[in-house]
Amino acid sequence: MTAATNGAPTTKDATIPPFVPDLPYELHPAVEVRPEPFGALLYSFTTRRLSFLKDRDLVTVVRSLADHPTASAACRAAGITDPQRLTMFERALATLAATETIRERHS
């Protein structure tokens with residue numbers, strides 16, 4: 001599984017809160033998702049960052065974040081229940097949160 005960037009998630013901007021799987025998240029409104037044969041391309045019109053999601057299940061999770069009460073619930077709804085795989089997805093979502101591709105939902 002590859003999400004957004006390589007390596008551990010980093011938050012360069014102190015205003016970006018850390019990713020917490022038990023909180024609600026959504027795709028950032030400035031991010032466009034384009035389906036691709038390998039998964040999806042995500043482009044942020046704010047950061048001008050281009051990200052590659054190479055796992056179709058991760059694309060499903062990212063697209064459905066706003067439909068679920070928490071990021072963990074979005075993973076479970078996509079069938080991500082294996083603890084090891086769930087950890088990988090949470091790490092990928094943390095990277096996407098650190099790069100402002102997804103954000104915590106407040107409404």
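What percentage of the contacts between residues at least 6 apart in sequence join residues at least 24 apart? In this protein, 62% of those contacts do, where a contact means heavy atoms within 4.5 Å.

The model shown here is predicted, so local features need pLDDT of at least 70, side-chain atom pairs count only at pLDDT 80 or more, and totals for chains, interfaces and linings use all residues. Residues are numbered from 1 along each chain as its sequence is written, and side-chain values use heavy atoms, with hydrogens and water left out.

**Figure 1. The whole protein has 3 helices and 5 strands.**
Starting at the N terminus, the order of elements is β-β-β-β-α-α-α-β. Helices (H or I, at least four residues) and strands (E, at least two) are DSSP runs, numbered from the N terminus. Of the 107 residues, 43% count as buried. Here, buried means under 20% relative accessible area, exposed means over 50%, and partly exposed lies in between, using a 1.4 Å probe and protein chains only.

**Figure 2. The largest nonpolar core holds 23 residues.**
A nonpolar core is a set of buried Ala, Val, Leu, Ile, Met, Phe, Trp, Tyr and Cys residues joined through side-chain atoms within 4.5 Å. Inside this core, the residues with the most contacts are F19, V62, L65, L93 and I102. Two or more core residues come from each of β2 (31-36), β3, α1 (56-64), α2 (71-77) and α3. The largest share, 6 residues, belongs to α3. Look for L93: leaving aside residues up to four places away in sequence, L93 touches F19, L58, V61, V62, L65, A71, C75 and I102. As background, nonpolar side chains in soluble globular proteins tend to be buried together.

**Figure 3. Helix α3 covers residues 83-98.**
How far apart are the end C-alpha atoms of α3? They are 22 Å apart, which agrees with the 22 Å that its 16 residues should span at 1.5 Å a residue. The expected span is 1.5 Å times one less than the number of residues in the helix. Buried along α3 are F89, A92, L93, A94, T95, L96, A97 and A98. These buried residues pack against β1 (25-27), β4, α1, α2 and β5.

**Figure 4. Two residues, R48 and E100, are close-ups of positive phi.**
Most residues other than glycine have a negative phi. R48 is not a glycine, yet its phi is positive, at about 65°. You can find R48 in the loop between β3 (39-44) and β4 (50-53), and its 67% relative accessibility is why R48 counts as exposed. E100 comes just after α3 and has a positive phi of about 60°. The loop that holds E100 runs between α3 and β5 (102-104). Is E100 exposed or partly exposed? With 31% relative accessibility, E100 counts as partly exposed.

**Figure 5. The second largest pocket has a volume of about 170 Å³.**
On a 1 Å grid over the protein atoms alone, a pocket is an open set of points with protein on both sides within 12 Å along at least five of seven lines, while a cavity is a set of points where a 1.4 Å probe fits but cannot get out; lining residues have an atom within 4 Å of a point. Grid points are joined across faces, edges and corners, and a volume is the space filled by probe spheres set on the points. Residues lining this pocket include I16, Y25, H28, E100, R103 and H106. Strand β5 gives the most to the lining, with 3 residues. By class, the lining has 6 nonpolar, 2 polar and 3 charged residues. Ala, Val, Leu, Ile, Met, Phe, Trp, Tyr, Cys and Pro count as nonpolar, Asp, Glu, Lys and Arg as charged, and the others, Gly among them, as polar.

**Figure 6. A search of the whole structure finds 1 cavity of 30 Å³ or more.**
The largest cavity has a volume of about 30 Å³. Its lining is made up of V31, L42, Y43, S44, T47, R49, S51, T99 and T101. The largest share of that lining, 3 residues, comes from β3. Sorted by class, the lining residues are 3 nonpolar, 5 polar and 1 charged.

**Figure 7. D55 sits in the loop between β4 and α1.**
D55 is buried, with a relative accessible area of 15%. The C-alpha atoms of D55 and G39 are 5.6 Å apart, although these residues are 16 residues apart along the chain.
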